Amino acid sequence: MEMIKTTWTKEQVQEMIDREKLAYQKIDLPYGLSTGQGNDRSITSEKIFADSIKGKSVLDIGCSLGFFCQEAVRQGASRVIGVDADDERLRKAALIADCVGMARNIEFRQLDINTEDLTEQYDIILLLNVLHHIRNPIAVLDKLIAHTKQRLILEVVSPSSPKLKNTLKSMGYSWWTRRKFEKMPLIFVKKGGAAAKTNEEIFHFTAPAVNELLMEHRGCFARLDLLKSFKNHYIAIAWKRQVDNLVIIGGTASSGKTTFIDSIKRGELSEIASQIGINIKDNWTYTDAEDIKSIKKEKIQNVVYHYDILRTFDSTSYRYSIEQGMDIVDCASRRKVVTLWCDPQVLRQRLPSTANNDQRHWRQLRISNVMELYQNEKLLAQQYQKWLDFCQQKGVQLFFVDCTSRPRLMSHSEWDQKIKDLMERV
Ligand SMILES: C[S@@+](CC[C@H](N)C(=O)[O-])C[C@H]1O[C@@H](n2cnc3c(N)ncnc32)[C@H](O)[C@@H]1O
């Protein structure tokens with residue numbers, strides 16, 4: 001065991017152990033002493049910090065006595081912040097950090113993640129054994145996703161926890177059915193009150209539910225590692241995508257996105273490519289909102305992203321800000337959006353030829369809805385406007401290309417004029 005450097009005497013350490021009720025996490029103290037009570041969490045620590053955190057910022061939400069904050073410091077994190085809703089736990093955490101000589105290495109702050117916002121982004125966010133206490137866990141997950149730069153790490157109480165197991169047993173569910181539940185994307189909701197105070201478990205997420213929420217509902221994670229941890233808990237490590245240069249080629253159905261991208265790949269539109277900053281000699285990954293799910297590497301240098309801006313049209317979400325395919329924007333350091341223009345008359349001509357090739361009912365329905373949109377040019381203009389508003393709100397660099405015939409770059413004012421003309425057509 002590593003020697004702990006301290007300014008405390010053995011008597012002072014012992015006096016703290018006797019005086020304070022240091023429960024939940026077992027933490028080593030100087031002179032071979034320890035907080036005594038609580039679980040040994042070293043297995044979780046080994047698993048969550050198996051990949052280096054050297055030089056990274058770490059936020060531990062619901063840090064309790066600060067065991068994982070201390071571990072993060074030992075693993076070389078550059079900045080460690082422990083927050084908890086309970087000020088008494090934070091007082092004890094700060095006391096223990098001082099005792100082990102880490103008072104200057106960890107910032108402890110009171111924060112209720114239910115009601116308060118995070119003000120900055122962190123490389124790594126830990127939410128260990130807290131999700132089941134949260135009033136609105138999905139909203140909190142959204143908050144954490146937005147503030148995670150690299151890894152979001154959860155430790156979750158599984159549905160095989162004794163309390164839930166007994167409830168399900170008393171409802172007549174057999175061992176076999178309960179095992180089946182664990183393989184399904186389920187969230188069990190239990191009675192609860194002042195959850196954080198009574199330590200009650202009010203939600204149980206199965207591992208497939210966490211997978212569904214992070215990997216299917218959101219588009220910002222490259223992969224999710226699910227690992228066993230202590231008792232009936234499991235660890236979920238979600239790796240956020242990190243893109244250096246993102247170029248989105250956005251357009252409506254049949255506007256010419258694929259043709260435009262293929263021409264760029266073949267080096268045929270070198271002038272436009274160089275204006276928008278694509279040098280095909282660099283290593284570019286060409287992908288789209290569906291295909292990107294198969295890319296498990298978290299770091300990608302250069303991405304050309306084919307995007308159908310009608311993904312929000314006739315879907316229930318309707319907004320780009322919550323459209324899974326647009327989550328990639330927040331994962332990129334440098335972002336450019338090239339929006340393709342195509343005259344509506346040409347759009348109408350191109351669309352039916354696509355429909356003839358595809359007999360599936362939902363696809364036919366979709367195409368007839370899109371055709372209606374192309375016939376109602378005012379609505380089409382509004383859809384373009386929503387797209388542009390989203391891009392501007394994200395602060396991306398904008399380009400416009402007219403793809404009605406041979407592609408040519410357009411100025412922003414020319415684009416505005418085209419949208420204005422569409423609005424005015426009846
Ligand atoms: C079960 S303990 C887990 C402690 C530690 N993360 C671990 O895994 O060892 C839950 C901790 O989360 C804190 N907590 C509960 N609800 C919270 C909230 N809304 N915001 C911040 N902390 C919360 C509790 O005070 C408690 O310290």
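Trainee: Before we look at strand S13, what makes two strands a pair?

Mentor: Two strands pair if DSSP finds at least two bridges between them. Keep in mind that this is a predicted model.

Trainee: How do you know that S10 and S13 pair?

Mentor: Seven bridges join strand S10 (residues 242–251) to S13, and the definition asks for at least two, so they count as a pair. The two run parallel. For one bridge to look up, take Leu 246, whose partner in S13 is Arg 335.

Trainee: And what makes S14 a partner of S13?

Mentor: Six bridges join S13 to strand S14 (residues 397–402); at least two are required, so this is a pair too. These strands also run parallel. Here Val 337 has Leu 398 in S14 as its bridge partner.

Trainee: Why is S13 called mostly covered?

Mentor: A residue is buried if 20 or more other C-beta atoms lie within 10 Å of its own. Seven of the ten residues in S13 (residues 332–341) are buried, so the strand is called mostly covered. Across the chain, buried residues make up 34% of the 426 residues.

Trainee: How do you know that the two domains touch?

Mentor: The assignment gives domain 1 (10–240) and domain 2 (242–424). Contact calls for C-beta atoms within 7 Å, and nine residues of domain 1 are in contact with twelve residues of domain 2, so by that cut-off they do touch. On the domain 1 side, strand S8 (221–228) and strand S9 (233–240) each supply at least two residues. By class, that side has three nonpolar, three polar and three charged residues.

Note on methods
Residues numbered from 1 in each chain as written. Predicted model: local features only at pLDDT ≥ 70, side-chain atom pairs only at ≥ 80, totals over all residues. Buried ≥ 20, exposed ≤ 12 C-beta atoms within 10 Å, placed from the backbone. Helix = DSSP H or I, 4+ residues; strand = E, 2+ residues; numbered from the N terminus. Domains from an automatic or database assignment. Contact = placed C-beta atoms within 7 Å. Nonpolar A, V, L, I, M, F, W, Y, C, P; charged D, E, K, R; others polar.
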